[in-house]
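This report walks through one structural model, starting from a single strand and moving outward to the chain and its partner.

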Amino acid sequence: MKHALRDAGLSALIALGLFTPLIGLVTESGDHGLELRARPIAVVVVVSLVFLGRLLMLTRAARIAVPTLAGPSPAMLRAGRAVAPMLLVFAVLLPFGGSRYYVDLATLVLTYIMLGWGLNVVVGLAGLLDLGYVAFYAVGAYSYALIAEHFSLGFWTCLPLAGILAAFWGVLLGFPVLRLRGDYLAIVTLAFGEIIRIVLINWVSLTHGPNGITGIPRPTLFGLAFSMDGGEGTFAGFFNIEPETIQRVIFLYYVILGLALLTNWFTLRLRRTPLGRAWEALREDETACRSLGINVTNTKLTAFAIGAMFGGFAGAFFATRQAFISPESFTFIESATVLAIVVLGGLGSQLGVALAAIIMVGGLELLRSFLSFLADQMGSELFAGIANELPLYRMLVFGVALVVVMVLRPRGMVSTRTPTATLAPLGGSA
Amino acid sequence: MLSVTALTMRFGGLKAVDDVSFEARAGDITAVIGPNGAGKTTVFNCITGFYRPSEGGIALTHASGAHFPLDRMPGYRIASRGKVARTFQNIRLFAGMTVLENLLVAQHNPLMRASGFTLAAVLGLGTFRAAERHGMEKARQWLDRIGLLDRANDLAGALPYGAQRRLEIARAMCIDPVLLCLDEPAAGLNPRETEALNELLKSIQGDGCSLLLIEHDMGVVMRISDHIVVLDHGKKIADGTPAEVRADPAVIAAYLGEGDEDEEAA
C-alpha cells in the first residue's frame, strides 16, 4: 500500500508538470492584447484524478493484467457477433429518427470509417505502415473537384475516376518504397503525404492554391438534383414534395453509407482470395512469402493501390459533401487520426475500425454536445467551459484513449481474427 | 538435376563460400554438412535466390528438360518457376494465420491464376471455387501426412515446435517442388520426432522430389542421405556416399578439430 501511494504520488507529480502549462494556463484576449490567466482549480482536479486513477490501478493491478492473456469467452464472442448487424440496422434507420445534427455527425463518422477500412487494407492486412494516407484522400477529392470543374462531369462518373487516379498514385508511391519496411516505410509515406499537400498549395494555376476549389457539384439521384428551386428534374419536383436541405443531407448520408459498405464487402471478400491471404502472409513474414514463390513486389503494390482507391472514393465524397476543398483539409493530423482509428480498433478487424471511428470521431462530439446541453440546462459555468474547450483537447483525448487501449488490449479493441478458410472436421465431408 | 559450379560468395572481404562445386542428382537426398560457419546456409541462400552469388553458376534442370539458371533468376521465380522450395533454420511460418491458411498461401500462384487475378474470386465464380476446393484437398492430404489434420484451424504459432517444423516442410511441399531444400530440419527435435522426420523425408523422396538438406544430426544424415557434400571454412573438403565421407580423413579432421597444428608439427 505504501508503495502504491508513493507510485501514485509520483504519477501525480508528473501530471502536475504536464498539465500546469496544458490546462493551468489559458490565454484570453483582454484590454491589451492576449492575457495569461491561471486556473489552479482545474489543475488540482486533473492531478487528483490522476492520483486516484493510478492508486486504483495499482491496487487492482492483478485484475487488470489477466484478461489481456485469456481469449474472449464464448458469451463475449456471441455478443460480439451481434454488434455488427445491430450497428448496420442502426445506421440504416438513423436518418428516420435523427435530427440534421445527428445525420451530419453520422456522415462524418462514416467518412472516417470508410477511410479506416481503406487504410486497414494497407496497415492491417498487408502490414505496411502508412503515415501519409491522407494523400490519397486528397487525390480523390481534388480529382473529383478538378474533373467536375473542367469537364463538367457528374459525381457518379467522377467517383470511379477519382478511385482510379488515387490507386494510380498509390502505385506511384509504392514503387520507390517497396524495399523499405517498418519505420523507414512510415517516414517515406509521411513525406509523400506532405508532398501532395504542398503541391496542392503551390500549384496555384491548377488547384487555386490555398484558396481551394469552390462550387463543387453535388451528387444526383439518378439524375435528380437536390436543389432548392423544386423545379422539374429535381428530387423534390419529381416526388412533388417541398424541397428541403435535409433531403440532400440524408441522401449524402446514404451515399457514404453505401460507399462504406461497399468498401467493407470488397475488403471482406478480398481477404478470402489468394491475394488477400498473400497480404496477410506478407505481414507475417516477407521472407517466407518469397520462398513460396509469391511476387512480393506486386502483392505490396496491389495493397497500396486498393487501399488508395478507397481513400480516393472517400475523398471524392468529401469534396461533393463540402462543395469546397482546400489543402487545409488534408494535413498530417488526418492521417494520424485514421491510423489511430485503425490501431485502436485492432489491426485487420473491420468491426474494430468501425467502433473506434464511432468512439473517436462521434463520441467526442457527442460528449461535447452533451456537456453544452447540461450547461444550458443547469446554467453551469463549469460544464459550458469544458464543452467549449473540449475540441481543443481532442488530441489529448485521442492520446489518452490510445494509451488506455494499448495498456488494456495491446492488439486493439477487437483483436480476434477470423480465419479466411476453415477445414470441416473429419467425416464432415467426403 | 542441380549443378553448382565454382560458387563463390563474398561478404566484403570475407569469403563465406569459396569455389564450391557439387551436383545433386534427381531423386537423391543430398546432404550438405560441415562445422558451424562452414558456409552451408550461404550456399542454400544462393541456391534459393536470397543471395546473388559473387561468382559461379547454379543451374537446375527439370525432368522435362527445362533449364533454369538459378543464379540469375529473381528470388520468387526460383520457387514459382524453378520449383525449388525451402525451409528455414529458424522456422518461418505465418504464425498469426491458421495451419490451413499457411498451406493455402503456399499454393498462391496456381490459386491466383484460377482466381483470374482476384476478379473471379471477388465475384465468387465457379472456376475459382473449384480451384480452391482442390487447394483445400491438397492441404488436407498434407495435413494428414504430417499428422496435423485435427489442428488445421489452429494458429500456426500455437503449435508445438516439432509440429511447426513438419508444417513448414508441408508448406514448402505445397508449391509442388522438384527440389526441396531443408535447412537443419532436425534441429531441436527429440528422438521420436527425428524418427518421424526421417520417415517424412523418405516418403517425400519416394514421391519423386529431390532433397537437399543441411543437417547437424549425423544420425539423420548418415541414415537417409544418398550423397553427402562436406564444407569447411567455405571450401568443399569431401563429396561422396555416407560411407566414403565417414572414412575421409579430411572430414574427421574438420569435425574433431585436429588439423593444421598437428599436421604442421608432423
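## A buried strand

In this predicted model, strand β7 of chain B places Leu179(B), Cys181(B) and Asp183(B) on one side, while Leu180(B) and Leu182(B) point the other way, and all of these residues are buried. Such a pattern fits the general rule that in a regular strand the side chains alternate between the two faces of the sheet.

The strand covers residues 179–183 of chain B, and because 5 of its 5 residues are buried, β7(B) is largely enclosed by the rest of the structure.

## Neighbouring strands and the crossover

β7(B) is paired with strand β6 of chain B, residues 84–86, in the parallel sense and over 3 bridges; within this pairing, Arg86(B) is found opposite Cys181(B). β7(B) also runs parallel to strand β8 of chain B, residues 210–214, to which 5 bridges join it, and here Leu180(B) has Leu211(B) of β8(B) standing opposite.

Between β7(B) and β8(B) the chain passes through helix α8 of chain B, residues 191–206, and the resulting β-α-β crossover is right-handed.

## Chain B as a whole

Chain B contains 12 helices and 10 strands. Its radius of gyration is 20 Å, close to the 18 Å that the globule rule gives for 266 residues, and chain B is therefore as compact as a globular protein of that length. Taken along the principal axes, the C-alpha atoms of chain B fill a box of roughly 75 × 40 × 35 Å.

Of the 266 residues in chain B, 47% are buried. Among the contacts in chain B with a separation of 6 or more, 66% are made by residues 24 or more positions apart.

## The contact with chain A

Turning to the partner chain, 31 residues of chain B are in contact with 28 residues of chain A. On the side of chain B that touches chain A, at least two residues each are supplied by α2 (75–80), α3 (99–106), α4 (108–114), α5 (119–123) and α6 (126–145) of chain B, and α3(B) gives the most, with 5 residues. By class, this side of chain B has 17 nonpolar, 10 polar and 4 charged residues.

## Domains of chain A

For chain A, the domain assignment gives domain 1, spanning 2–62, and domain 2, spanning 84–408. The C-alpha centres of domain 1 and domain 2 of chain A lie 35 Å apart.

Methods: Residues are numbered from 1 along each chain as its sequence is written. Chains are lettered from A and ligands numbered from 1 in the order in which they are written. This is a predicted model: local features need pLDDT of at least 70, side-chain atom pairs count only at pLDDT 80 or more; totals for chains, interfaces and linings use all residues. Two residues are in contact if their C-beta atoms, placed from the backbone, lie within 7 Å. Helices (H or I, at least four residues) and strands (E, at least two) are DSSP runs, numbered from the N terminus. Ala, Val, Leu, Ile, Met, Phe, Trp, Tyr, Cys and Pro count as nonpolar, Asp, Glu, Lys and Arg as charged, and the others, Gly among them, as polar. The radius of gyration is taken over C-alpha atoms; the globule rule is 2.2 Å times the number of residues to the power 0.38. A residue is buried if 20 or more other C-beta atoms lie within 10 Å of its own, exposed if 12 or fewer, and partly exposed in between; C-beta atoms are placed from the backbone. Domain bounds come from an automatic or database domain assignment. Two strands pair if DSSP finds at least two bridges between them. A crossover is right-handed if, with the strands pointing away from the viewer, the path from the first strand over the helix to the second runs clockwise.
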